[in-house]
Amino acid sequence: MILDSFLILNYFFLCLGLFKFTRSLEHLNMDRNPLQQLSLDTFSGIESSLRNISFQSCSLTSNSLPSFSRLINLERFKLQSNLLTEIKPENMFSSMLQLIAIDLQRNQLTQIPSEFPSSLRELELGNNRLTTLPFNNQTFEKLSQLITL
């Protein structure tokens, strides 16, 4: 049996090496788990296989975001209802060339990056603290696939 989806409930931290033997994992749902900070090696072993990841309502802060930057084949990325105040690194989404949907709703973001992959179709930003958007004509020219903002 090939494990392609994984749902974890009520974990406070993710053990290092947890995904070492699940290299074919494509979908990871960690919604509503009060997680502590994620490390850079949290997703070791599944960096290339993950397509969809959801960490909604996990109390994640911006300090955990670098752990996601190695997930280069993500298509859907849900970080709704966390404690994010900024996206760092600034170019976090640039290497995710397959990314079609990002959900950052219900966080505390005051700004967002200006660069996103051209594959992006959905960018959900509602209920944050944004005062300006770093978009201009060139941004939208690069995001010609975007249908939801």
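Which residues do ring pairs link into a cluster? In this predicted model, the cluster consists of Phe43, Phe55, Phe68, Phe77, Phe93 and Phe116. The structure holds six aromatic pairs, and I shall present two of them.

I begin with Phe43 and Phe68. Their ring centres are 5.3 Å apart and the planes meet at 35°, a tilted arrangement. Phe43 belongs to the loop between β2 (27-29) and β3 (52-54), while Phe68 belongs to the loop between β3 and β4 (76-78); the pair therefore ties together parts that are 25 residues apart in sequence. Phe43 and Phe68 are both buried.

The second pair is Phe77 with Phe93. Here the centres lie 6.1 Å apart and the planes stand at 70°, so the pair is edge-to-face, given that angles over 60 degrees fall in that class. Distant parts of the chain are again linked: Phe77 sits in strand β4, and Phe93, 16 residues away, sits in the loop between β4 and β5 (101-103). Both Phe77 and Phe93 are buried.

Phe93 leads us to Pro117, since Phe93 is among the residues that Pro117 touches. Pro117 is located in the loop between β5 and β6 (122-124). Is Pro117 buried or exposed? Its relative accessibility is 4%, and the limit for a buried residue is under 20%, so Pro117 counts as buried.

Leaving aside residues up to four places away in sequence, the contacts of Pro117 are Phe93, Met96, Leu97, Leu99 and Leu143. For one of these, Leu99, the C-alpha atom lies 6.8 Å from that of Pro117, although the two residues are 18 residues apart along the chain.

Note on methods:
Residues are numbered from 1 along each chain as its sequence is written. This is a predicted model: local features need pLDDT of at least 70, side-chain atom pairs count only at pLDDT 80 or more; totals for chains, interfaces and linings use all residues. Side-chain values use heavy atoms; hydrogens and water are left out. Rings of Phe, Tyr and Trp (its six-membered ring) pair if their centres lie within 6.5 Å; planes under 30 degrees apart count as stacked, over 60 as edge-to-face and the rest as tilted. Helices (H or I, at least four residues) and strands (E, at least two) are DSSP runs, numbered from the N terminus. Buried means under 20% relative accessible area, exposed over 50%, partly exposed in between (1.4 Å probe, protein chains only). Contact means heavy atoms within 4.5 Å.
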